[in-house]
Structures are given as C-alpha cells and as structure tokens.
Amino acid sequence: MAARILLIDDDKRLADMVGRYLSQAGFRMAHCFDAQSGLALLDSPAGGAAAELPDLILLDLMLPDADGLDVCREIRRLQGPVGRVPILMLTARGETTDRVVGLEIGADDYLPKPFEPRELLARVRALLRRSGLRAEAPAAADAASHSGLLRFGRMEIDPGARTVRIDGTARLLTAYQFDLLLALARNAGRVLSRERLMDLVRGEQLEAFDRSIDVHVGKIRQAIEDDPKQPRRLLTVRSSGYVLARQQDTQAEP
C-alpha cells in the first residue's frame, strides 16, 4: 500500500501543488489547514490506529493558530507510534535557530520555502526509507541483509525492528537519529566525520556550517547515555567527528 502523508499547512496554493505532485508520485495525501485540526486527527482514535497513521508528516512552521515548533513538540508527546512518525518541517523562516530548535525537539529534516517539488519528493522518499518504509515497494533483500542484532554491552540495536534498548528498556529516537546511531554502530570503533555520517545516512554532502549532526548526536546521547554530559558510548573526537565505543559497560550501574 502506498505511503500516507499528512500535510499541515494553511497555504492552499502550496497544499494543492504539493498534494497533486506527491499524489502523482504514488502517495496518499491528507491535508489539515491548521494545527488544531492536524493534532486532532493525529490524537483521535482513528488517527491513532496503526492502519490510519500517516507514514510521514509535512509540517509548516508558520500556522495561523500555533507555532509549528510547538506543534512538533506536541506530536512528539503523543503516546504510541503516532509520536514517532517522521516529521519534515517546511519553513519560510531564514533563521538557522528555528531549524536547529526544530531538530532538537524532534523533527527529522527541514526544507526551506520556496522549494522545488523534486527536492521535496527526494526528501520524502529519503525519510521513508530511513523509517523502514519504501515509497513504492519494500526492499526485502536490503532489509534481510541488515537485520542482525548489534550488541554493545548493555545496549542492543535491532536494525530490522528499528529499536534501541538499554538493559532491555526501549529508548526513543527519531528515524534520522536511529540511522545516525546505526551508521556509527556498523562502524563501531572508527571515527566518522560529520561529512561521512551525512553521506552514509543521506547520501549527500554536508553543507558548510551545517551543525544539524551535532544537534542529533546530542539527542541520541540523551537517549542512550547514563549521563549525557559525560558520554561513554557515543564519543566526540575533537576536530575529527564521532565514534561509537566498541567496548561498553556490561552491567547496569547502581
């Protein structure tokens, strides 16, 4: 079944263009013009059912009844799978701060307005791939080749289920954060630069002064470290990048 995309944006012309373009690409579209109706749809019994969940949310930052950043935060607070649906922010704001804050509170990617429909489609497909979905059909062979559990002391990463557990307790990550951690785990003990991580996860070059990787690493540490301020699993190598420690603690700390 085609992936379902929820667009929350009050710009009717943009919504019509995006809806038409993505529908032609094979996606099922739903549209809400404001934050209230979007959150109501996501938090309703029908919206919360797995069969009706959107596979991806396109979220405008400048909505008539709320700030998109607050909406993103509210979505991430929702219980169950709906709170983990990938979010692509659409923003006409030029400030880097807005983009960084969006990533910090749980957005997976951002796209500045105005944008080319082809770039939107490429980012949508990339996010769906990272979240374990395909825009057209499942990649069974690829999934099978990467399904083995990865264990590092008390931490267990399941690429197939896309879960991370510490001492058996699930730790929540966005789709993009999970892919960053998975890239580091598959290269445990090796220092990966920001540029290399971007290439592994997105298949594209890191823009100059782009610090989004650092923001996501900080969120990953909050999820997997006992003390994020003194990380022992995901380490920074000054002027070089990041490395996931191959040898980690094997027993829970008191």
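User: In this predicted model, which residues touch the most other members of the largest nonpolar core?

Analyst: The model is a prediction. Its largest nonpolar core has 27 residues. Those that touch the most other members of this core are Ile 157 and Ile 224.

User: Which element gives the most residues to this core?

Analyst: Elements that give two or more residues to the core are β7 (155-158), β8 (163-166), α8 (175-185), α9 (194-202), α10 (212-224) and β11 (241-244). The one that gives the most contributes eight residues, and that element is α8.

User: Which residues does Ile 224 contact, leaving aside its neighbours within four places in sequence?

Analyst: Ile 224 is one of the two residues that touch the most other members of the largest core. With the neighbours within four places left out, its contacts include two arginines, Arg 171 and Arg 233. The full list is Met 155, Val 164, Ile 166, Arg 171, Leu 181, Arg 233 and Leu 234.

User: How many residues are in the second, separate core?

Analyst: Leu 61, Val 82, Val 85 and Ile 105 are among the members of a second core, separate from the one above. Its size is 25 residues.

User: Is Asp 179 of helix α8 buried or exposed?

Analyst: Asp 179 lies in helix α8. Beyond its neighbours within four places in sequence, Asp 179 is in contact with Arg 130, Arg 162 and Val 201. A residue counts as buried under 20% relative accessible area. The value for Asp 179 is 12%, so Asp 179 is buried.

User: What is the relative accessibility of Gln 177?

Analyst: Gln 177 also lies in helix α8. Not counting residues up to four places away in sequence, Gln 177 touches Leu 103, His 216, Lys 219 and Ile 220. Gln 177 counts as buried, because its relative accessibility is 4%.

User: How far apart in space are Gly 83 and Cys 72, C-alpha to C-alpha?

Analyst: Gly 83 is found in the loop between α4 (68-77) and β4 (87-91). Both residues count as buried, Gly 83 at 7% relative accessibility and Cys 72 at 0%. They are eleven residues apart in sequence, and the distance between them in space is 9.6 Å.

User: Which residues is Gly 83 in contact with, leaving aside its neighbours within four places in sequence?

Analyst: Gly 83 sits in the loop that follows α4 and comes before β4. With the neighbours within four places set aside, the residues in contact with Gly 83 are Ile 75, Arg 76 and Leu 78.

User: How many disulfides does a search of the whole structure find?

Analyst: Cys 32 is buried, with a relative accessible area of 8%, and Cys 72 is buried too. A disulfide needs a pair of cysteine sulfur atoms within 2.5 Å. The number found in the whole structure is zero.

User: Why are the buried residues of α2 on the same side of the helix?

Analyst: The buried residues of helix α2 (residues 35-43) are Ala 35, Gly 38 and Leu 42. They lie on the same side of α2 because the arc they cover around the axis is only 70°. An α-helix has 3.6 residues a turn, so residues three or four places apart point the same way. The value that settles the matter here is the arc of 70°.

User: Which residue caps the N-terminal end of α2?

Analyst: A side-chain oxygen of the capping residue lies 3.5 Å from the backbone nitrogen of Gln 36. That residue is Asp 34.

Methods. Residues are numbered from 1 along each chain as its sequence is written. This is a predicted model: local features need pLDDT of at least 70, side-chain atom pairs count only at pLDDT 80 or more; totals for chains, interfaces and linings use all residues. Side-chain values use heavy atoms; hydrogens and water are left out. Buried means under 20% relative accessible area, exposed over 50%, partly exposed in between (1.4 Å probe, protein chains only). Helices (H or I, at least four residues) and strands (E, at least two) are DSSP runs, numbered from the N terminus. The arc is that of the directions from the helix axis to the C-beta atoms. A polar contact is a pair of N or O atoms within 3.5 Å; within protein, one must be able to donate a hydrogen and the other to accept it, and residues adjacent in sequence count only if both atoms are side-chain atoms. A nonpolar core is a set of buried Ala, Val, Leu, Ile, Met, Phe, Trp, Tyr and Cys residues joined through side-chain atoms within 4.5 Å. Contact means heavy atoms within 4.5 Å.
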